[in-house]
Amino acid sequence: MSRVRRSVSLRLANSLRVESVAEEYVEARDASELCSALDRARRDAVPVTLLGGGTNVVPLRRIEGRVVRVASRGISFRRGREGARVVAAAGESWHGLVRACLGRGLVGPENLALIPGTVGAAPIQNIGAYGRELSRWVSGVSVVDTVSLERKVLNAAECGFRYRDSAFKSEERGRYVVTAVTLDLRDEPAEAGYPGLAAELDRLGRAPSSVSVAEAVIRLRRRKLPDPRRVGNAGSFFKNPTLTAEAFDRLRGMVDIPGFSDGERVRIPAARLIDDRGWKGYRAGDAGVWSRHALVLVNHGGAGGREILDLAYRIRDDVAQRFDVELELEPAVLGRD
């Protein structure tokens, strides 16, 4: 196991680029090192905070105990008659995995191109974009049980996938650490029917294929979202809420907003509510809202995690007061001030 380091800055380990200090820090490069790190923390009687790519977290000034960063690497491919099985280690870049699949002519995750973060975070969030979600292809998620330190593989049903959610975030929160993800990619047509995506393909003059869809998605994301290497951000800061049909009808009496069927409920774009309240492009010190996308909160340079959160709470409260819709934060908050 890597040595334990003390008082480690995490500013470059989170995409918001906010300053945060880990009381103790260690990297786990495979499942064996992860088990050792968890066991050692238990014996040392220190709390553990797990960290992957740091793209969906808001770290506060100090994280007590031991931060364990999952840094495993490796991707394997096995072709079958109807597609391919892909196994990727949790520490791999998600976009890197998408590129590796494209390089082998595989169809599926191209709609999820350029989503920041690691493979290990992908099933926790059940990432999705432009008409597709990760859960479509997951056949297994390899984990370490933090209670028993047992290694096991959970099937898709056991992962409890829901919209931008999973059992890892809710009923089993903190129980498992993802070490690898297995995807079964089927030979199927590329998904290009999502409205914005279809229009971008038309502009490019390209027929739908895994490569052309990925190219269009990348162009769309770069047009709307800031590059975290230049402007600190954690991607979408709020989940798109779901409403009852009655609540949606009331909301439409206050704002022009689309709705999308989600079982018996209606999913609405949180960005539309935030934009209507005039928050897009707003700035308070170095904490702000991206001028091209109301869901993205940004760090213009010197904001701390608390400043970002305070702005998020102001937006949430404003939307709730005006529209009676409660916005839920997407990223996890780590540590304390």
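R162 and D165 form a salt bridge in this predicted model. Their closest N and O atoms are 3.4 Å apart. That distance qualifies because the cut-off is 4 Å. The two partners differ in exposure. R162 has 34% relative accessibility, so R162 counts as partly exposed. D165 has 15% relative accessibility, so D165 counts as buried. The dividing value here is 20%, since buried means under 20% relative accessible area.

A second pair is R175 and E172. Here the closest N and O atoms lie 3.9 Å apart, still within the 4 Å limit. R175 is partly exposed, with a relative accessible area of 29%. E172 is also partly exposed, and its value is 29%.

Next, look at D262 and R267. Their salt bridge has its closest N and O atoms 2.2 Å apart. Which of the two is buried, and which is partly exposed? D262 is partly exposed at 30% relative accessible area. R267 is buried at 14%. In this bridge the arginine is the buried partner, whereas in the R162 bridge the aspartate, D165, is buried.

Now step back to the wider set. How many salt bridges does the model hold? The count comes to 33. Some of the charged residues are linked into a network. R6, E24, R40, D44 and R66 belong to one such network of salt bridges. Two of these residues, R40 and D44, can be placed on a helix, as α1 spans residues 31-44. That helix returns below, with the second largest pocket.

Turn now to strand β19, residues 296-299. In a regular strand the side chains alternate between the two faces of the sheet. What covers the two sides of β19, and which residues sit on each? V296 and V298 lie on one side. L297 and N299 lie on the other. All four are buried, and both faces of the strand are covered.

β19 has strand partners. Strand β13, residues 232-236, pairs with β19 in the antiparallel sense over three bridges. In that pairing G232 stands opposite N299. Strand β18, residues 287-289, also runs antiparallel to β19, and three bridges join them. There A287 stands opposite N299. N299 therefore faces a residue in each of the two pairings, because pairing rests on bridges between the strands. A hairpin of six residues connects β18 to β19.

The enclosed space comes next. The structure holds one cavity of 30 Å³ or more. The largest cavity has a volume of about 40 Å³. R79, G83, A84, G105, L106, V107, L185, R186 and D187 line this cavity. Strands β7 (83-89) and β12 (176-186) each supply at least two residues of the lining. By class, the lining divides into four nonpolar, two polar and three charged residues.

Finally, consider the second largest pocket. It encloses about 990 Å³ of space. Its lining counts 41 residues. Which of them lie nearest the centre? They are L50, L51, I124, F168 and A332. Several elements each give at least two residues to this lining: α1 (31-44), β3 (48-51), α3 (121-125), β12 and β20 (332-334). β3 gives the most, with four residues. The lining has 21 nonpolar, 13 polar and seven charged residues. Strand β12 thus appears in two places. β12 contributes to the lining of the largest cavity, and β12 also contributes to the lining of the second largest pocket.

Terms used
Residues are numbered from 1 along each chain as its sequence is written. This is a predicted model: local features need pLDDT of at least 70, side-chain atom pairs count only at pLDDT 80 or more; totals for chains, interfaces and linings use all residues. Side-chain values use heavy atoms; hydrogens and water are left out. A salt bridge is a side-chain nitrogen of Lys or Arg within 4 Å of a carboxyl oxygen of Asp or Glu. Buried means under 20% relative accessible area, exposed over 50%, partly exposed in between (1.4 Å probe, protein chains only). On a 1 Å grid over the protein atoms alone, a cavity is a set of points where a 1.4 Å probe fits but cannot get out, and a pocket is an open set with protein on both sides within 12 Å along at least five of seven lines; lining residues have an atom within 4 Å of a point. Grid points are joined across faces, edges and corners, and a volume is the space filled by probe spheres set on the points. Ala, Val, Leu, Ile, Met, Phe, Trp, Tyr, Cys and Pro count as nonpolar, Asp, Glu, Lys and Arg as charged, and the others, Gly among them, as polar.
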